[in-house]
Amino acid sequence: MQDEGGGLCDNDENGVRLYSLEACNNLGEKVRTSPLMAIYGRNASGKSNIIMALCQLQRIVTSGEIEDLYEPNKIQLAANQRTEFSIVYTCPQKEQWTDYWYTYTLEYNAKGIYKEALYSNKDIVFYIDNDSGEHNFSAISNADYDADRIERLRLTECTDEFHNQKTPVLSWLAKKYTNLSRDVIEAYSFFTAHLYTRSSQNVNVQNAFSTLLQTWPDEEEQSRVISEVSDYLSQLDTGILGVETKTMEKVLEPDNELLSIAPTFWFRSGGIHRRGNTMIKKIFYAKHNDSDNQEVYFPFEEESDGTLRLFALLVLIHKTTKSESNVLVIDEMDSSLHPLILRQLMNFFIKTHHNENRSQIIFTAHDTELLEGGLLMPGEVAVVEKSFQTGSRLRKLSNYDAVEPDMIRREYLDGQYAGIPHAHI
């Protein structure tokens, strides 16, 4: 996660500001990505707001609209507050993707979009400034669509009757004018195919079942993934020896009222989904040994909350690390997990044999055990501090002088990097 001095800020006098999502380090003309970024800070410092902001930006780009996706600052009630995003991310399609990145910026409020731009490395792909009336589509223009024609189409198709831009140009071009620019398609695909954002509440076993079904619809592939995840559960000393499923199918008559319910319904032991007139019920079981060393099967709902959350995290991690250049963003990564388990989960991203595709995780946490023993480098840890004057600001520890990895936890709890509560009872 890149920062500029003060770093990443989620609320100031101009509303929400978010600078650079990706955990990366500037190396002159190159960007070197880190495998992870751990975000710390006291309660109510704004850590979850950062994750929510990333979710918000993804929803705006993928949906192609800003309607109902604007959250003004409720503390500093300035008129016409604007939300501003600037996100830097590497492109997995480029042959030398470690040296190639996109920068996407968006500034908007409930009225409309004021500024939007996409850069490929430092070259402009497109640029719009509705405050000044400036625009630049030269890089994506061609004989059929010159820059002026693209601008006329934007004014017609992306703005309302009051000439307020309501649709992000990135979404509009990627969905409707797919042949204009490969850069636009690749930049858009990051939000639709390579970025996975999860609030703490959304890391649950029901969503894990849904992810399994949607990501690996083939039964054989699904079974392979479940087997790999169950192996990890066993290696993490949960007492689970394996995960198995039982599937039941029932063909319904066309007038059966069950066909009117949602196509998919998930619960803590499995789910029901519909394929045509067939209702398919899949139940997940955890395999254990009893006192006589005989196999016994528990429905998943009988496992502990921590085990169910661990299963959900493992499914997400598997999805993230098995394809190229994905980014997983999770709030409260350490919730319901033992500190030693959390340290082991970091290995999925730190160790190259687990993460050959150079995927990345960005997460918030309170568990400071992760900061012990040099597991995380200073450039992989950031601290959020909040004030009424500046809002929430994030700063990487690599911005401080002479930070020793073995001393990060002690120095953080001593308050040297701020971001700790000053509580008195």
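# Cavities, hairpins and exposed loops

Tutor: About 40 Å³ of space lies in the largest cavity. The model is predicted.

Student: What makes this space a cavity rather than a pocket?

Tutor: The way out decides. In a cavity a 1.4 Å probe fits but cannot get out, whereas a pocket is an open set of points. The 40 Å³ space is counted as a cavity, so by that definition the probe is shut in.

Student: How many cavities of 30 Å³ or more are there?

Tutor: The count comes to two. The second largest cavity holds about 30 Å³.

Student: Which residues line the largest cavity?

Tutor: Tyr232, Leu314, Ile317, His318, Thr321, Lys322, Phe348 and His354. A residue is put in a lining because it has an atom within 4 Å of a cavity point. Helix 7, residues 305–321, gives the largest share of this lining, with four residues.

Student: What kinds of residues make up the lining of the largest cavity?

Tutor: Four are nonpolar, three polar and one charged. Take Lys322, one of the lining residues. Lys counts as charged by definition, so Lys322 falls in the charged group. His counts as polar under that rule, so His318 and His354 go there.

Student: Which residues line the second largest cavity?

Tutor: The lining holds Arg198, Asn202, Val203, Asn204, Asn207, Ala208, Thr211, Ala312 and Leu316. Helix 5 (205–215) and helix 7 each supply at least two of them. The largest share, three residues, comes from helix 5. By kind, the lining divides into four nonpolar, four polar and one charged.

Student: How much space lies in the second largest pocket?

Tutor: About 200 Å³. The lining of this pocket has 17 residues, and Ser34, Pro35, Asn355, Arg358 and Ser359 lie nearest its centre. Nine residues of the lining are polar, five nonpolar and three charged. Arg358 counts as charged because Arg is on the charged list.

Student: Now the loops. Why does Asp68 count as exposed?

Tutor: Its relative accessibility is 71%. Exposed means over 50%, so Asp68 qualifies. Asp68 sits in the loop between helix 1 (47–63) and strand 6 (83–90). Its phi is near 65°, a positive value in a residue other than glycine.

Student: Why does His163 count as exposed?

Tutor: The rule is applied again. His163 has 66% relative accessibility, over the 50% cut-off, so the word is exposed. His163 is in the loop between helix 2 (147–157) and helix 3 (169–176). His163 is not a glycine, yet has a positive phi of about 65°.

Student: Why is Glu301 called partly exposed?

Tutor: Its value is 45%. Buried needs under 20% and exposed needs over 50%, so 45% lands in between. Glu301 lies in the loop between strand 16 (295–299) and helix 7.

Student: What is Glu301 in contact with, leaving aside its neighbours within four places in sequence?

Tutor: Arg268 and Ser269. Contact means heavy atoms within 4.5 Å, so each of the two residues has a heavy atom that close to one of Glu301. Glu301 and Ser269 are 32 residues apart in sequence, but their C-alpha atoms are 5.0 Å apart.

Student: How do you know that strand 8 and strand 9 pair?

Tutor: Count the bridges. Six join strand 8 (residues 113–120) to strand 9 (residues 123–129). Pairing takes at least two bridges, so these strands pair. They run antiparallel. One bridge matches Ser120 with Asp123 in strand 9. The hairpin has two residues between the strands, and Asn121 there takes a positive phi near 55°.

Student: What joins strand 9 to strand 10?

Tutor: Three bridges, with the strands running antiparallel. The cut-off is at least two, so they count as a pair. Strand 10 covers residues 134–136, and its Asn136 stands opposite Tyr127. Four residues lie between the strands of this hairpin, and Gly133 in the turn has a positive phi of about 85°.

Student: How many helices and strands are in the protein chain?

Tutor: Nine helices and 20 strands. Of the 425 residues, 52% are buried. That puts them under 20% relative accessible area, because this is what buried means. The accessible surface comes to about 20300 Å², with 46% belonging to carbon and sulfur atoms.

Technical notes:
Residues numbered from 1 in each chain as written. Predicted model: local features only at pLDDT ≥ 70, side-chain atom pairs only at ≥ 80, totals over all residues. Heavy atoms only, no water. 1 Å grid on protein atoms, 1.4 Å probe; cavity = no way out; pocket = protein on both sides within 12 Å on 5 of 7 lines; lining within 4 Å. Points joined across faces, edges and corners; volume = space filled by probe spheres on them. Buried < 20%, exposed > 50% of the residue type's maximum accessible area, 1.4 Å probe, protein only. Areas by Shrake-Rupley, 256 points an atom, 1.4 Å probe, with all protein chains shown as cover.
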